[in-house]
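Trainee: Please give me a close look at one part of this model. Pick a residue you like, start there, and then follow the trail outward as far as it goes.

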Amino acid sequence: MPIIEDVRQIIASHGKLPVDVATLADDADLYAAGLSSFASVQLMLALEERFDIEFPETMLNRKTFSSIGAISSAVAELAPDEQVA
Amino acid sequence: MTVLGSAKAMTLCERMRRVAAIAATHADAVDTAARFPREAVDAMRHERLLGCQIPVELGGDGASVAEISELCAILGQACAAAAMVFAMHQIKVSSLVSHGEEDDWHRGFMVRVAAEQLLLASATTEGGIGGNLRNSICAIEVDGDTCRLQKDATVISYGTEADAILITSRAHPQAASSDQVMTVFLKDQYTLERTHVWDTLGMRGTCSDGFLFKGEAPAKQILPRPFAEIAAQSMLAHSHILWSAVWYGIAADAFAKAQAFVRAAARRSPDQAPPGALRVAEASALLQGVKASIVAAIEKYDAARLDEDKLSAMSFAVAMNNLKIASSQTILSIINHCMLICGILAYKNGTPYSLGRHLRDAHSAQLMISNDRILGNTSTMLLVHKQDTSLYG
């Protein structure tokens with residue numbers, strides 16, 4: 001499955017968003033959509049588990065988790081063998 | 001970088017020492033009556049310290065975080081409530097300086113804060129959000145060029161005394177609870193209806209009453225950046241550093257009294273070490289720890305400010321949270337030590353060694369933003385963030 005689809009699924013189950021993830025564009029601002037900092041950590045943990053990666057300190061910031069596209073690029077950087085799209 | 005030896009820093013400190021001298025003479029009256037520290041705030045205006053953080057080109061002194069922290073510590077040694085009012089005002093100014101400089105209205109407002117020595121208050125808490133200021137229930141409504149807001153603000157410190165209030169809300173009526181903005185409302189643009197009275201154990205002079213806030217203002221007074229950014233990039237660090245500096249001031253004054261007590265005893269019987277001498281040494285070590293934590297946090301903040309990624313990194317938020325936890329807990333141990341050293345003269349009010357007010361004021365530190373909430377946030381971040389174990393990381 002392409003990374004971005006996995007990311008969408010994980011956001012749907014761990015992002016605790018008040019809106020349906022399917023309605024969000026890849027570049028939509030997840031914080032504006034209601035992503036809390038607590039949910040973003042749970043999202044990180046789920047992503048680390050699913051892709052067997054570890055986010056380095058430099059990626060642990062708001063920007064990395066600001067949109068579905070940004071998260072997917074970060075994952076793609078850490079898991080080069082995964083299919084991007 | 002921090003240059004506290006500069007002529008500018010020295011004059012800032014001299015000005016604040018004059019304020020502190022006035023604040024000290026009224027501190028007990030402010031505490032007893034739970035009244036606004038008017039004499040101290042008038043003195044801040046007279047010394048033009050309310051605008052000290054505003055950039056020089058806008059009429060202020062361009063004071064650094066280190067310099068403002070020193071000012072908070074100086075005043076904290078005289079009257080903790082006045083020092084906290086000064087710190088809270090400066091935290092609001094930091095939002096303008098850090099996030100409003102490129103916006104015409106907010107630049108003009110900074111000029112006014114410096115020129116007219118306006119006192120800024122904050123309205124970030126709200127009934128029903130459970131103490132988490134990164135959530136709002138109320139929403140600002142923009143109608144053409146006008147914005148309107150009504151908020152059940154359970155705390156607005158010195159709300160009735162302020163010249164303007166910086167208030168958070170959801171960005172629009174359909175926005176998620178965490179999608180917030182902050183808006184400047186001037187005194188003639190809002191009404192306040194008191195809903196809670198601030199009658200507390202300590203920090204009584206901050207007059208942190210609750211109000212129903214109703215305001216209407218030009219929409220251009222909404223700060224141009226999302227509040228999430230303001231909170232993470234300037235408010236978090238400024239709050240924890242400046243509060244800690246005030247708390248350090250309370251503990252440092254208690255320590256000075258305890259040391260004076262022991263020195264007086266030592267002078268009376270030079271051949272005998274006074275009973276409290278060891279405790280003074282212990283308190284000195286604790287006080288040094290608080291001071292070192294604050295200075296280290298200021299240096300970390302100064303370094304991170306040059307790089308937006310560092311400011312929004314988890315390591316930075318964890319470090320600032322840790323400062324707040326450590327300083328708020330340690331000052332209680334220090335003041336308790338000092339109380340043991342001075343004994344009944346510390347416990348009694350109205351003696352040169354009285355520490356009741358210090359201890360009561362210091363107890364607010366663990367509660368203003370509950371340490372449990374902060375530890376909860378830190379523990380969540382530590383699930384993914386690996387703490388740097390180097391000494392000079």
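**Starting from one arginine**

Mentor: Let's begin with B:Arg148, which counts as partly exposed because its relative accessibility is 36%. Keep in mind as we go that this is a predicted model. The side chain of B:Arg148 meets that of B:Glu216 in a salt bridge, 3.1 Å from N to O. The two come from distant parts of the chain: B:Arg148 sits in strand β3 (residues 146–153) of chain B and B:Glu216 in strand β7 (residues 210–218) of chain B, 68 residues apart. The partner is not hidden either, since B:Glu216 has 44% relative accessibility and so is partly exposed too.

Now follow the chain out of β3. B:Tyr158 is in the loop between β3 and β4 (164–170) of chain B. Its phi is near 40 degrees, a positive value in a residue other than glycine. That is worth a second look, because most residues other than glycine have a negative phi. B:Tyr158 is also buried, because its relative accessibility is 1% and the cut-off is under 20%. There is another case to set beside it: B:Gln117, again not a glycine, has a positive phi of about 55 degrees. B:Gln117 is in the loop between α5 (104–116) and β1 (120–123) of chain B. With a relative accessible area of 3%, B:Gln117 is buried as well.

One loop further on from β4 we get a link to the other chain. B:Ser178 lies between β4 and β5 (180–186) of chain B, and at 16% relative accessibility it counts as buried. Look at its contacts beyond the neighbours within four places in sequence: B:Arg134 and B:Asn135 from chain B, plus A:Tyr31, A:Gly34 and A:Leu35 from chain A.

So let's step back to that interface for a moment. On the chain A side, 18 residues are in contact with 15 residues of chain B. About 1300 Å² is buried between the two chains, and 58% of that is on carbon and sulfur atoms. A:Glu57, A:Leu60 and A:Arg62 supply 35% of the area chain A buries against chain B, more than any other three residues. On the polar side, five residue pairs are in polar contact across the interface, and there are two salt bridges. A salt bridge between the chains pairs B:Asp309 with A:Lys63 at 2.9 Å, N to O.

Helix α12 (residues 371–381) of chain B deserves a stop here. B:Asn371, B:Ile374, B:Thr378, B:Thr380 and B:Met381 are buried in it. Their cover includes α2 (37–51) of chain A, along with α6 (227–268) and α9 (314–342) of chain B. At the N-terminal end, B:Ser370 caps the helix, with a side-chain oxygen 3.0 Å from the backbone nitrogen of B:Asp372.

Back to salt bridges, where we came in. Over all chains the count is 20. One of them joins B:Asp28 and B:Arg357, with the closest N and O atoms 3.0 Å apart. B:Asp28 is in helix α1 (residues 7–33) and B:Arg357 in helix α11 (residues 356–362), both of chain B, so this pair ties together parts 329 residues apart in sequence. B:Arg357 counts as buried, because its relative accessibility is 16%.

Another bridge brings B:Arg225 and B:Glu229 to 2.6 Å, N to O. Its ends fall into separate exposure classes: B:Arg225 is partly exposed at 30%, whereas B:Glu229 is buried at 18%. There is also a network, in which salt bridges that share partners join B:Asp42, B:Arg45 and B:Asp163.

Finish on the surface. B:Ile344, B:Leu345 and B:Tyr347 make a nonpolar patch there, with about 350 Å² of accessible area together. B:Leu345 belongs to helix α10 (residues 344–347) of chain B and, at 32% relative accessibility, counts as partly exposed.

Technical notes: Residues numbered from 1 in each chain as written. Chains lettered and ligands numbered in written order. Predicted model: local features only at pLDDT ≥ 70, side-chain atom pairs only at ≥ 80, totals over all residues. Heavy atoms only, no water. Patch = residues over 30% accessible without salt bridge, like charges linked within 9 Å, V, L, I, M, F, W, Y side chains within 5 Å. Areas by Shrake-Rupley, 256 points an atom, 1.4 Å probe, with all protein chains shown as cover. Salt bridge = Lys/Arg side-chain N within 4 Å of Asp/Glu carboxyl O. Helix = DSSP H or I, 4+ residues; strand = E, 2+ residues; numbered from the N terminus. Buried < 20%, exposed > 50% of the residue type's maximum accessible area, 1.4 Å probe, protein only. Contact = heavy atoms within 4.5 Å. Buried area = accessible area lost by both parts, 1.4 Å probe. Polar contact = N/O pair within 3.5 Å; in protein donor to acceptor, adjacent residues only side chain to side chain.
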